[in-house]
Amino acid sequence: MSIKKITIKDLVEKMDQKEDFLLVDCRELTEWNQGSIEGAHFYPLSKLNETHQLDIEHSKDQQIIFQCRSGKRSMAACIILKEKGYTNLSNLEGGIMAWIQDGHDVITHE
């Protein structure tokens, strides 16, 4: 089962061009509160594991980019949804750690 990967550079380009996609942060609440990528939706992998569906308004064909700390949990989220018929999933390579290392800002929620 192949999941597309997206680089930080490609994500920034999509954001700059205001492309239609859904960015989902699948880390846990304490991590989310410490900082997230602006525009991301919070949906922890633990909840996705329980429901096996994404309770955010979208279609199964909409581009959804998952992001976590380093890329492992977001890959798991992509696999769960691919098995449920989602067709346009991508995993952000390196997660938020790569985002920060690349010099991009995060917003805090505390």
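**View 1. Strands β1 and β5 lie side by side in this predicted model.** β1 and β5 run parallel, and 3 bridges join the two. One place to look is I6, which stands opposite L92 in β5. While you are on β5, follow its side chains: L89 and N91 point one way, S90 and L92 point the other way, and all of these are buried. That pattern fits a general habit: in a regular strand the side chains alternate between the two faces of the sheet.

**View 2. Step back a little and the open sheet of 5 strands comes into view.** Its order is β1-β5-β4-β2-β3, and the pairing is parallel. β1 (4–6) and β3 (41–42) are the edge strands, since each pairs on one side only. As a reminder, strands of a sheet pair through backbone hydrogen bonds, either parallel or antiparallel.

**View 3. Here we turn to β4 and its partners, β2 and β5.** With β2, strand β4 pairs in the parallel sense over 4 bridges. Two of the matched residues are easy to pick out: L22 has I64 as its bridge partner in β4, and V24 has F66. With β5 (residues 89–92), β4 pairs over 3 bridges, again in the parallel sense. In this pairing I65 stands opposite S90, and the bridge partner of I64 in β5 is L89. To get from β4 to β5 the chain passes through α4, and this β-α-β crossover is right-handed. Which residues of β4 are buried on its two sides? I64 and F66 are buried on one side, and I65 and Q67 on the other, so that both faces of the strand are covered.

**View 4. The largest nonpolar core has 18 residues.** V24, L48, L54, I64, F66, L81 and L89 are the members that touch the most other members. At least two core residues come from each of β2 (22–25), α3 (45–51), β4 (64–67) and α4 (72–83). Which element gives the most? That is α4, with 4 residues. A second, separate core of 14 residues includes L11, A40, I65 and A98. In soluble globular proteins, nonpolar side chains tend to be buried together.

**View 5. Zoom in on I64 to see its contacts from elsewhere in the chain.** Leaving out neighbours within four places in sequence, I64 is in contact with L22, V24, L54, H58, Y86, N88, L89 and S90. Two of these are already familiar as bridge partners: L22 and L89.

**View 6. I96 sits in helix α5 (residues 95–101).** Is I96 buried or exposed? Its relative accessibility is 4%, and because buried means under 20%, I96 counts as buried. Not counting residues up to four places away in sequence, I96 touches R27, G35, S36, I37, Q67, C68, R69 and V106. S70 makes a nice comparison of sequence and space: it is 26 residues from I96 along the chain, yet their C-alpha atoms are 6.4 Å apart.

**View 7. The last close-up shows the largest pocket, with a volume of about 170 Å³.** Its lining is made up of V12, M15, D16, S36, I37, E38, W99, D105, V106 and I107. Helix α1 (residues 8–16) supplies the largest share of that lining, 3 residues. From the previous view you may recognise S36, I37 and V106, which I96 touches.

Methods. Residues are numbered from 1 along each chain as its sequence is written. This is a predicted model: local features need pLDDT of at least 70, side-chain atom pairs count only at pLDDT 80 or more; totals for chains, interfaces and linings use all residues. Side-chain values use heavy atoms; hydrogens and water are left out. A nonpolar core is a set of buried Ala, Val, Leu, Ile, Met, Phe, Trp, Tyr and Cys residues joined through side-chain atoms within 4.5 Å. Buried means under 20% relative accessible area, exposed over 50%, partly exposed in between (1.4 Å probe, protein chains only). Contact means heavy atoms within 4.5 Å. Two strands pair if DSSP finds at least two bridges between them. A crossover is right-handed if, with the strands pointing away from the viewer, the path from the first strand over the helix to the second runs clockwise. On a 1 Å grid over the protein atoms alone, a cavity is a set of points where a 1.4 Å probe fits but cannot get out, and a pocket is an open set with protein on both sides within 12 Å along at least five of seven lines; lining residues have an atom within 4 Å of a point. Grid points are joined across faces, edges and corners, and a volume is the space filled by probe spheres set on the points.
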